[in-house]
Amino acid sequence: MTATVGLAYERHGQQTHGAPIVLLGPLGSDRSVWQPQIAGLAAAHDVIAVDLPGHGESPAPVRTYTVADIADDVAALLAALDVTQAHIVGLSLGGATAQQLALAQPDTVRTLTLVCTAARFGAPEPWVDRAQKVRVEATASLADGVVERWFTSTFAQRNPAIVDRMRAMVSATSDEGYAASCEAIAAFDSRANLGSISAPTLVIGGAADSATPPEHQRFLADQIPDSRLQILDHAAHLASYEQRSAVNAAVIEHVAEH
Ligand SMILES: O=C(O)CC1=CCC(=O)O1
């Protein structure tokens with residue numbers, strides 16, 4: 001399904017149970033990355049999984065793009081769906097978008113769950129370099145490295161079919177969408193603004209996450225006033241997949257409290 005504003009999404013579960021849970025994924029993903037959450041949450045919740053701009057079925061940006069622009073697109077999608085309040089769950093780039101949405105639209109964000117994300121994803125140069133590489137060599141050229149950061153080696157060895165599926169998903173991401181999103185990540189820096197986030201916030205990290213290691217999650221939890229932190233063992237960057245039960249239980253508890 002496509003909203004009038006152009007972001008593709010899918011909606012599952014019980015639409016009568018108040019504010020929906022909105023899922024925003026990482027760089028190089030489409031909304032299928034949230035399959036473990038859709039399976040675990042939709043029995044009792046209204047769940048909306050979104051393709052970020054230039055990802056999945058959402059159109060690729062035709063100009064320079066910022067995380068604030070992505071958050072505006074998500075806000076427009078929610079408005080088009082008549083959603084006035086939502087529980088926002090974002091992982092990595094989706095988590096940056098979720099922070100920005102909480103800052104720009106505090107009344108819309110009932111709760112925030114930030115998974116394996118950061119206030120700043122390191123120095124800009126590697127992201128600009130990655131954008132350039134993708135424009136020359138295509139997203140598929142990065143897929144092996146990306147998926148290696150998503151899972152612990154133990155999980156990857158035991159679940160080769162999942163790893164193959166995720167690699168194919170990354171490879172299928174539009175080159176321009178991926179590159180523009182890298183540039184958005186390069187420019188993203190919420191460090192000075194985190195103290196203004198008013199939404200009750202759950203920060204979840206993976207103990208083995210090399211892309212956004214636990215110190216990033218500690219910083220977010222230290223700076224966001226109404227927040228708590230959970231670091232999961234046996235999880236790399238895609239903690240929502242590898243530790244699906246723990247992540248789903250934490251989200252359900254967080255949402256139920258608010
Ligand atoms: O692809 C990576 O290196 C990890 C990552 C950082 C931001 C994001 O969305 O994924």
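Eleven names make up the ligand's surroundings: Pro26, Leu27, Ser92, Leu93, Phe121, Trp127, Arg130, Arg149, Ile185, Ala211 and His237. Each has a heavy atom within 4 Å of the ligand. This is a predicted model, in which local features need pLDDT of at least 70, side-chain atom pairs count only at pLDDT 80 or more, and totals for chains, interfaces and linings use all residues. Numbering runs from 1 along each chain as its sequence is written, and side-chain values use heavy atoms, with hydrogens and water left out.

The shell divides into 7 nonpolar, 2 polar and 2 charged residues. Here Ala, Val, Leu, Ile, Met, Phe, Trp, Tyr, Cys and Pro count as nonpolar, Asp, Glu, Lys and Arg as charged, and the others, Gly among them, as polar.

Polar contacts (pairs of N or O atoms within 3.5 Å) link the ligand to these residues:

| Residue | Protein atom | Ligand atom | Distance |
|---|---|---|---|
| Leu27 | polar backbone atom | oxygen | 2.8 Å |
| Leu93 | polar backbone atom | oxygen | 2.9 Å |
| Arg130 | polar side-chain atom | oxygen | 2.7 Å |

On its own, the ligand has 290 Å² of accessible area, and the protein covers 97% of this. Areas come from the Shrake-Rupley method with a 1.4 Å probe.

UniProt lists residues 20-242 as "domain: AB hydrolase-1", in an unreviewed entry. Such annotations may be inferred rather than shown by experiment. The span is 45% helix and 15% strand, and its end C-alpha atoms lie 23 Å apart. Helices (H or I, at least four residues) and strands (E, at least two) are DSSP runs.

Methods: Polar contact = N/O pair within 3.5 Å; in protein donor to acceptor, adjacent residues only side chain to side chain.
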